[in-house]
Amino acid sequence: MKVTQVKANQLDDLLKKLQPYNTVIIGLHRSNDSPWKGYQIKSTQLTWLYEIARTHGNVVFNAF
């Protein structure tokens, strides 16, 4: 299976770039400042995740 990294600065651009793919894997990496520092997913990130999941049937989300 070939894996392609897709990036964009705007959600609309990202959704257009993801159109040809039937499976999307999303990796979210938190800050490396401290292993004890808490992390919350920002509302903007949640919006992007929701829109990607809404437009693609197979989405794998991995939070590191």
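Two residues count as in contact here when they have heavy atoms within 4.5 Å of each other. By that yardstick, 60% of the chain's contacts with a separation of 6 or more come from residues 24 or more positions apart. Keep in mind that this is a predicted model. The chain has 64 residues, and 17% of them are buried.

**Overall layout**

- You're looking at two helices and two strands, and from the N terminus on they come in the order α-β-α-β.
- Lined up along the principal axes, the C-alpha atoms fill a box of roughly 40 × 25 × 20 Å.

**Helix α1 and its two faces**

- Helix α1 runs over residues 11-18, and its buried residues are Leu 11, Leu 14, Leu 15 and Leu 18.
- Those four sit on the same side of α1 because they cover an arc of only 100° around the axis.
- Flip to the face turned away from that buried side and you find Asp 12 and Lys 16, both exposed.
- As for partners, the buried residues of α1 pack against β1 (23-28) and α2 (43-55).
- Take Leu 11 as an example: setting aside residues up to four places away in sequence, it touches Thr 47, Trp 48 and Glu 51.

**The nonpolar core**

- As a rule of thumb for soluble globular proteins, nonpolar side chains tend to be buried together.
- In this model, the largest nonpolar core has eight residues: Leu 11, Leu 14, Leu 15, Leu 18, Val 24, Ile 26, Leu 49 and Ile 52.
- Each of α1, β1 and α2 chips in at least two residues of this core, with α1 giving the most at four.

**Glu 51, a buried acid**

- Glu 51 belongs to helix α2.
- Why does Glu 51 count as buried? Its relative accessible area is 17%, and the cut-off for buried is under 20%.
- Its side chain makes a polar contact with the side chain of Arg 54, at 2.7 Å.
- Once neighbours within four places in sequence are left out, Glu 51 is in contact with Leu 11 and Leu 15, two of the buried residues of α1.

**The largest pocket**

- The largest pocket holds about 810 Å³ of space.
- The elements giving two or more residues to its lining are α1, β1 and α2, and β1 gives the most, with six.
- There are 24 lining residues, and the ones nearest the pocket centre are Val 6, Leu 18, Val 24, Ile 25 and Ile 26.
- Three of those central names, Leu 18, Val 24 and Ile 26, also turn up in the largest nonpolar core.

**Two exposed residues to look up**

- Ile 25 is in strand β1, and with a relative accessible area of 60% it is exposed, since the cut-off for that label is over 50%.
- C-alpha to C-alpha, Ile 25 and Asn 62 are 7.6 Å apart in space, though 37 residues apart in sequence.
- Trp 36 is in the loop between β1 and α2, and at 79% relative accessibility it counts as exposed too.
- Between Trp 36 and Thr 55 there are 35 Å from C-alpha to C-alpha, with the two residues 19 apart along the chain.

Notes:
Residues are numbered from 1 along each chain as its sequence is written. This is a predicted model: local features need pLDDT of at least 70, side-chain atom pairs count only at pLDDT 80 or more; totals for chains, interfaces and linings use all residues. Side-chain values use heavy atoms; hydrogens and water are left out. Buried means under 20% relative accessible area, exposed over 50%, partly exposed in between (1.4 Å probe, protein chains only). The arc is that of the directions from the helix axis to the C-beta atoms. A polar contact is a pair of N or O atoms within 3.5 Å; within protein, one must be able to donate a hydrogen and the other to accept it, and residues adjacent in sequence count only if both atoms are side-chain atoms. A nonpolar core is a set of buried Ala, Val, Leu, Ile, Met, Phe, Trp, Tyr and Cys residues joined through side-chain atoms within 4.5 Å. On a 1 Å grid over the protein atoms alone, a cavity is a set of points where a 1.4 Å probe fits but cannot get out, and a pocket is an open set with protein on both sides within 12 Å along at least five of seven lines; lining residues have an atom within 4 Å of a point. Grid points are joined across faces, edges and corners, and a volume is the space filled by probe spheres set on the points.
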